[in-house]
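Trainee: I should like to go through this structure with you, one local feature at a time. May I put my questions in turn?

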Amino acid sequence: MAKKSSVNISRIAVIRVIVFLFIGFVFFTGYVDAVEYLTSSPLFEVKDVMIDRSIQFIDLRSLKDLKGTNIFKIDIRKIDRQIAERYPYIAQLRVVRQLPDRILILAKKREPLMQIYFRKKYLILDAEGVALYYTLQPMPLPQVYGIPLERDWLFLGGHVHGPELNKVVDILNGFKVSPDLKRWRIHAVQAGNLSKIDLLVGENMHVILDQDDTQDKIDLLQMLISANKINLNQVKYIDLRFKEPVIANNIEDTKEK
């Protein structure tokens, strides 16, 4: 005679399972209804595309198709990628949904810092070493020599890498944030030899640095200028590679006095 099963499922356990299934069904139904409402309601149709003030040059015509589209159906990553590819001179790009009906495009325009003559054109780079664009005529920016661009896979919007360029970026940014040095017009930077980085400043004055303790040397130069210990009209070069800066005056100006 067969034995009866010893498994005894209590009535409470069955009720609990039914309750959990019911709650899950309610949540799922609510989720489906919410998604249907959010993706079909006219309330969430895009009515405006707002662009950061610093990047007003963006062509709004390329974004006109967003208007009238449900804000939740817009592929934010795709728009971000398209804008970044078309405008490589944009930094910190963010495309944001602002509920219920607005798309915000936030970014900053990259500011040119230097130029490199490359393949019969001038390549403009920003303060992070990002390649922005080419121009046939030189711009009023420091022209950098000695950067071997041929070794890089160069494309607009990408970073140009290498110890020479990285050091030039550090130096030019250091000058740019200095209260006195930012007023100097740097015409050229010879960076092929990191033991002797030569900056041509003004008419014919040279500032010489190397790759070691660059910021400390820029701070020292700032201190000398602010203390009026350098007459820029007489100086031929300032060599900051040593423990004590070497300042050479223009011999002809000295003789005249």
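Trainee: Which residues form the negative surface patch?

Mentor: This is a predicted model, and the answer holds for the model as predicted. Asp212 is placed in the loop between β10 (205-209) and α4 (214-226). Its relative accessible area is 45%, so Asp212 is partly exposed. The residues that form the negative patch are Asp212, Asp213, Asp216 and Asp219.

Trainee: Which residues form the nonpolar patch on the surface, and what accessible area do they have together?

Mentor: One of its members, Phe22, lies in helix α1. Phe22 has a relative accessible area of 55% and is therefore exposed. The patch consists of Ile15, Val19, Phe20, Phe22, Ile23, Phe25, Val26 and Phe27, and their accessible area together is about 870 Å².

Trainee: Is Ile105 buried or exposed?

Mentor: Ile105 is placed in strand β3. Its C-alpha atom is separated by 4.7 Å from that of Val95, although the two residues are 10 apart along the chain. Buried requires a relative accessible area under 20%. The relative accessibility of Ile105 is 0%, so this residue counts as buried.

Trainee: How many aromatic pairs does a search of the whole structure find, and what is the geometry of the pair formed by Phe175 and Trp184?

Mentor: The search of the whole structure finds five aromatic pairs. In the pair of Phe175 and Trp184, the rings lie 6.2 Å apart, centre to centre, with 55° between the planes. Planes under 30 degrees apart count as stacked and those over 60 as edge-to-face, so the rest are tilted. The geometry of Phe175 and Trp184 is accordingly described as tilted.

Trainee: Are Phe175 and Trp184 buried or exposed, and which residues are linked into a cluster by ring pairs?

Mentor: Phe175 and Trp184 are both buried. As for the cluster, ring pairs link Tyr87, Tyr89 and Tyr133.

Trainee: Where is the cis peptide bond that involves Pro100?

Mentor: Pro100 is found in the loop between β2 (90-98) and β3 (102-109). Omega is near 10° for the bond in question, which runs from Leu99 to Pro100.

Trainee: What is the phi value of Gln92, and what is that of Lys120?

Mentor: Gln92 is found in strand β2 and is exposed, because its relative accessible area is 58%. Lys120 is placed in the loop between β4 (112-118) and β5 (121-126), and its relative accessibility of 70% means that Lys120 counts as exposed. Neither Gln92 nor Lys120 is a glycine, yet each has a positive phi. The value is about 55° for Gln92 and near 65° for Lys120.

Trainee: How many salt bridges does the structure hold, and how far apart are the closest N and O atoms of Lys47 and Asp101?

Mentor: The structure holds six salt bridges. The one between Lys47 and Asp101 links distant parts of the chain, 54 residues apart: Lys47 is in the loop between α1 (11-40) and β1 (48-51), and Asp101 is in the loop between β2 and β3. Asp101 counts as partly exposed because its relative accessibility is 21%. The closest N and O atoms of Lys47 and Asp101 are separated by 3.7 Å.

Trainee: Which residues are joined into one network by salt bridges that share partners?

Mentor: The side chains of Arg110 and Asp126 meet in a salt bridge at 2.8 Å, N to O. This pair too links distant parts of the chain, with Arg110 in the loop between β3 and β4 and Asp126 in strand β5, 16 residues apart. Arg110 counts as buried because its relative accessibility is 13%, and Asp126, with a relative accessible area of 4%, is therefore buried as well. The network joined by shared partners consists of Arg110, Asp126 and Glu128.

Trainee: With which residue does Lys217 form a salt bridge?

Mentor: Lys217 and its partner are both buried. The closest N and O atoms of the pair are 2.5 Å apart, and the partner of Lys217 is Asp210.

Key
Residues are numbered from 1 along each chain as its sequence is written. This is a predicted model: local features need pLDDT of at least 70, side-chain atom pairs count only at pLDDT 80 or more; totals for chains, interfaces and linings use all residues. Side-chain values use heavy atoms; hydrogens and water are left out. Patches are made of residues with over 30% relative accessible area and no salt bridge: like charges are joined within 9 Å, nonpolar side chains (Val, Leu, Ile, Met, Phe, Trp, Tyr) within 5 Å. Accessible areas come from the Shrake-Rupley method with a 1.4 Å probe; for residues, only the protein chains shown count as cover. A salt bridge is a side-chain nitrogen of Lys or Arg within 4 Å of a carboxyl oxygen of Asp or Glu. Lys and Arg count as positive and Asp and Glu as negative; His and the chain ends are not counted. The place of a charge is taken as NZ of Lys, CZ of Arg, CG of Asp or CD of Glu. Helices (H or I, at least four residues) and strands (E, at least two) are DSSP runs, numbered from the N terminus. Buried means under 20% relative accessible area, exposed over 50%, partly exposed in between (1.4 Å probe, protein chains only). Rings of Phe, Tyr and Trp (its six-membered ring) pair if their centres lie within 6.5 Å; planes under 30 degrees apart count as stacked, over 60 as edge-to-face and the rest as tilted.
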